[in-house]
Amino acid sequence: MLFCCAKIYKLDHVDVNVVKDVGSSCSSKSVLFDKSFSEIIDENDYLDDGFKDGPTKLYLSDDWGSYLLHKGQKFESVQDFRDKLRKYAVQTGFCYVLPRNDSLYVRAVCENHGTEKCGWEVIGFVAPINNCFYIKEFNNIHTCKGVLRNQTHRQLGSKIVRTCIESNVFLINLSLKPADIMSNFKSTYGFEISYKVASRAKKRCLEKMYGSESDSFSMLSWYKDAVLETNPGSSFVLEVEENTNRVRFFLPLEVEENTNRFQRVFVSYGGQVKGFKFSLPVLYVDGTFGKSIYKGQILSATGRNGDKGFFPLALCICDSETEDNWFFFFKHLKALLEPQGRVITFISDRGGGLLKAFNQVFPGNPHLFCFHHFRYNLTQKYRKKRNAVVLAQVLQKFFKVAYASTESAYYHHLQALRDEGGAEVIDEFIAEIPLENWCRAFFKGCRYGIMANSIAESFNKWIVAERSMPPLAMIDQTRMKEMKMMSERRVETKSWTTQLTPEMEKKLVERMHKACSFRVIASQESVYEVRDDEYSYSVNLSTRTCSCVKWQINCFPCPHALSAIQAARLNVYDFIDLYFSAEYFRMSYNFPIHPVSNVDACTEESILPPITKRPAGRPKAKRIKSSGEKKPIRCGRCLKLGHHNRQSCTEPLNGQQ
């Protein structure tokens, strides 16, 4: 402390008095300070937190600088040496070139070897006895300038990043986006990588785990057998198209070769089939586009649990949303649903191919159309009117028509809609769609308050990362995601103490509070009149109906019904659908999806990728003008030079890539 004070007050010397004993004389000595005294002071001790140097952080890349040590060092293989050489150069801060690089001999020199005569050099060879790689010559002295570790490095490519992320937690979650990989790599290894490097590294991880995108189709036959063996009760249908090709080896010999080309696949796991029996009897069916190089469509059937969450049931990968593909999907879906003996209500966006196939496979099942798609279709009718005020009023009145609970209310709101939007346009639009498929007043059955295909959209967003993967990787990663979700929800229910699921229990409490304001008058057994200050309602507890119709539409007691139930001194839980109970929720997730091991993954069957077609739509005749000519890039899907990338590519593929 004495020396610190002397430095602060800029003293050249200080007198030190030493007292040996009480009453005795003291001795003094003068201490002089030289320039080296400044090294004793640490400025961080006197700076505010914002001005101090942060602590030195340790990175996983710190060990890379010790990968090359001495002559005679042994490596497992020549590839192991190349990987460690890259990491050594990145960590040390220099770039190298390979004058010779083959399967037996490698020579690397500093890139400044020709310009600045840098002497850094390493030479190695593969020993034929054990196929290990040994360093023969190693000069680890750089005579050039600028050997310094930076946050970026030109030779820090996807190969190095792939070896890093596959050995850490990144490989467990293949749905990580390239931006997340960039952030994690910076915090873990201390280097900045580009988006392209992160994306290519993720692709290399997928290829190492599942093979290339074209090879993944052949592995589907092995995966089918593995799923059916480990998950009893599952449905895994793989359809391939048999082709006969003439292969000419040399004139005049020609041989006919039979090949199998992927057509479509249907997947549903036994745990999902058994658990769906305890979910609501509704299914949201929808199709979304795949984003791998082979594009295609992903058809899905998603249920709904008693807590307003989605319950995945089945998945199908095909080339497009045609009537034939939807028929294939519905046919195998029906085989799963028929043994349960329930009438399932379907919700869809009424696509052309979907409607025709649905009417063939499920002719008697209720079918609801998504209300949001109707709103978009109605908007198209007024697109040329160029009047946003009129359109807003039309949509507002159309909402009331769709949500009308009684036929009289429907016709009342319909007349208001015709007056606002024009009778000719409205009548033509409504005539195209059966009323029972979209209006609540005409639907016969229990629709659980459903008006939109939102559950299917939620599922499509949930698997948005998996949609960019090859078929095998997409199916397997989706299976693991569903398996994890079912396990987490199964554990979550152990802490529940309510009789209903949390969302429905909350809804019941809110409606019970509203029921306190009504007056109840008994008419006869199970029949009551419920009144407020303005309206009266008729409630029949034996048929579970109310004149407000909300009990029938939502399959959940309305406040009027709850008021009548309490007046009858009955238990309100006896009038609530079992699908909303916590017990049914537990049962729906009581059947797990079992793991699928790939330690013995192999297949002898060869399945070629599908031949992709150009998507529908008129090709652009004129290029998009810009201020300057764009430099052509190589597309990661079709591998052609142009001005499009992997996502916007529409080039047809022949299935050989």
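Let's start at S218, which is buried, with a relative accessible area of 13% (buried means under 20%, exposed over 50% and partly exposed in between, using a 1.4 Å probe and protein chains only). Before going on, note that this is a predicted model, where local features need pLDDT of at least 70, side-chain atom pairs count only at pLDDT 80 or more, and totals for chains, interfaces and linings use all residues. Residues are numbered from 1 along each chain as its sequence is written, and side-chain values use heavy atoms, with hydrogens and water left out.

You'll find S218 in the loop that runs between helix 5 (195-210) and helix 6 (220-230); helices are DSSP runs of H or I with at least four residues, strands are E runs of at least two, and both are numbered from the N terminus. What does S218 touch, leaving aside its neighbours within four places in sequence? It is in contact with T603, E605, S606 and I607, contact being heavy atoms within 4.5 Å. With I607, the side chain of S218 reaches the backbone nitrogen at 3.0 Å.

Helix 5 also takes us to the largest pocket, since it gives the most to the lining there, with nine residues. That pocket has a volume of about 1100 Å³ and is lined by 29 residues, with S199, R200, K203, R646 and Q647 nearest its centre. Helix 5 and strand 20 (633-634) are the elements that give two or more residues to this lining. As for the terms, a pocket is an open set of points on a 1 Å grid over the protein atoms alone, where a 1.4 Å probe fits, with protein on both sides within 12 Å along at least five of seven lines; lining residues have an atom within 4 Å of a point. The volume is the space filled by probe spheres set on the points, which are joined across faces, edges and corners.

Now for the aromatics. A search of the whole structure finds 47 aromatic pairs. The rings of W326 and F330 have centres 5.3 Å apart and planes at 25 degrees, so this pair is stacked (Phe, Tyr and Trp rings, the six-membered one for Trp, pair with centres within 6.5 Å; planes under 30 degrees apart are stacked, over 60 edge-to-face, the rest tilted). Both sit in helix 8 (residues 323-337), four residues apart, about one turn of the helix. W326 is buried at 1% relative accessibility, and F330 is buried at 0%.

Methods: A polar contact is a pair of N or O atoms within 3.5 Å; within protein, one must be able to donate a hydrogen and the other to accept it, and residues adjacent in sequence count only if both atoms are side-chain atoms.
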